[in-house]
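Ready to practise reading a protein model? Take a look at the structure below, then work through the exercises one step at a time.

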Amino acid sequence: LERPLLGAMVANPVDLARVVLLLHFDVSALMGYTGAVFKNFFGGSGGVAVAVIALALWVTVPTWLGVRAFQRKDF
């Protein structure tokens, strides 16, 4: 159950940013069992790196696709 939960969290940039922010303020105890799972994964440097890379991809991929689509348009 933990792996699909982490996969769903990486697939949703709003929730990913929210969880990383809550873990930064160390209020993961307020999130219950899921907070413990997130603290175990995102609490270390590897988890933070995964979160930063996922958020960076959520910004760069749509931007790149948009730029590519607009360059192909003939206005």
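**Exercise 1.** Work out how α1 and α2 are oriented to each other.

*Solution.* Start with the verdict: α1 and α2 are roughly perpendicular to each other, a label for angles of 65 to 115 degrees. Next, check the angle: the axes of helix α1 (residues 2-11) and helix α2 (residues 13-24) cross at roughly 105° and come within 5 Å. Axes here are lines fitted to C-alpha atoms, for helices over the stretch in contact, with angles from 0 to 180 degrees between N-to-C directions. Finally, find who meets whom: Met9, Val10 and Ala11 in α1 touch Pro13, Asp15, Leu16 and Val19 in α2, where contact means heavy atoms within 4.5 Å.

This is a predicted model, in which local features need pLDDT of at least 70 and side-chain atom pairs count only at pLDDT 80 or more, while totals for chains, interfaces and linings use all residues. Residues are numbered from 1 along each chain as its sequence is written, and side-chain values use heavy atoms, leaving out hydrogens and water.

**Exercise 2.** Do the same for α2 and α3.

*Solution.* First, the angle: α2 and α3 pack at about 85°, their axes 11 Å apart. They are therefore roughly perpendicular to each other. Then the contacts: Leu16, Val19 and Leu23 in α2 meet Phe38, Lys39 and Phe42 in α3.

**Exercise 3.** Decide whether Leu30 is buried or exposed.

*Solution.* Locate Leu30 first: this residue sits in the loop between α2 and α3 (32-42). Its relative accessibility is 75%, so Leu30 counts as exposed (buried is under 20% relative accessible area, exposed over 50%, partly exposed in between; 1.4 Å probe, protein chains only).

Technical notes: Helices (H or I, at least four residues) and strands (E, at least two) are DSSP runs, numbered from the N terminus. Angles under 35 degrees count as roughly parallel, over 145 as roughly antiparallel, 65 to 115 as roughly perpendicular and the rest as oblique.
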